[in-house]
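Work through the following exercises with the sequence and the coordinates at hand. Each task is followed by a solution that proceeds step by step.

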Amino acid sequence: MELPLGQLCKTCLTTIDKRARRTARLVAALSSLAMGLYVFIPVPLDERVRIVGMVGVLMWYVLSNMVVRRAMSLWQR
């Protein structure tokens, strides 16, 4: 079966996606850990401040995971 010029087979796309997901998880976890340390080293006294900090770190993980995954999958094609 011939693929059109510039197309990748399903196996190649799956491999690229797996590698991008693995790298994105690692980068997102490490950067979220660094952000969490930055936010929580001076221990916030107020409960609301801690909750907002936790939500911020969680959102940072999600967003950085999405950005790195997209960048890796585009870069490896």
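**Exercise 1.** Against which helix do the buried residues of α1 pack?

*Solution.* The model is a predicted one, in which local features need pLDDT of at least 70 and side-chain atom pairs count only at pLDDT 80 or more, whereas totals for chains, interfaces and linings use all residues. Residues are numbered from 1 along each chain as its sequence is written, and side-chain values use heavy atoms, with hydrogens and water left out. Helices are DSSP runs of H or I with at least four residues, numbered from the N terminus. Taking buried to mean under 20% relative accessible area, exposed over 50% and partly exposed in between (1.4 Å probe, protein chains only), one finds I16, A20, A24, A28, S32 and G36 as the buried residues of α1. These residues pack against α2, contact being defined by heavy atoms within 4.5 Å.

**Exercise 2.** Describe the surroundings of S32 in helix α1 (residues 10-40).

*Solution.* Begin with accessibility: S32 has a relative accessible area of 7% and is therefore buried. Leaving aside residues up to four places away in sequence, S32 touches V57, W60 and Y61. With Y61 there is also a polar approach, since a polar atom of the S32 side chain lies 3.4 Å from the backbone nitrogen of Y61.

**Exercise 3.** Check whether the length of α1 agrees with its number of residues.

*Solution.* The expected span is 1.5 Å times one less than the number of residues. For the 31 residues of α1 this gives 45 Å, and the end C-alpha atoms are 44 Å apart, so the two agree.

**Exercise 4.** Find the salt bridges, and say how the partners within a helix are spaced.

*Solution.* With a side-chain nitrogen of Lys or Arg required within 4 Å of a carboxyl oxygen of Asp or Glu, the count is three. R21 pairs with D17 at 3.2 Å between the closest N and O atoms, and because these residues are four apart in helix α1, about one helical turn separates them. R50 and E47 meet at 3.7 Å, N to O, and they are three residues apart in helix α2, again about one helical turn. An α-helix has 3.6 residues a turn, so residues three or four places apart point the same way. The remaining bridge joins D46 and R48 at 3.9 Å, N to O; D46 is partly exposed at 34% relative accessible area, while R48 is exposed at 63%.

How values were computed. A polar contact is a pair of N or O atoms within 3.5 Å; within protein, one must be able to donate a hydrogen and the other to accept it, and residues adjacent in sequence count only if both atoms are side-chain atoms. Helices (H or I, at least four residues) and strands (E, at least two) are DSSP runs, numbered from the N terminus.
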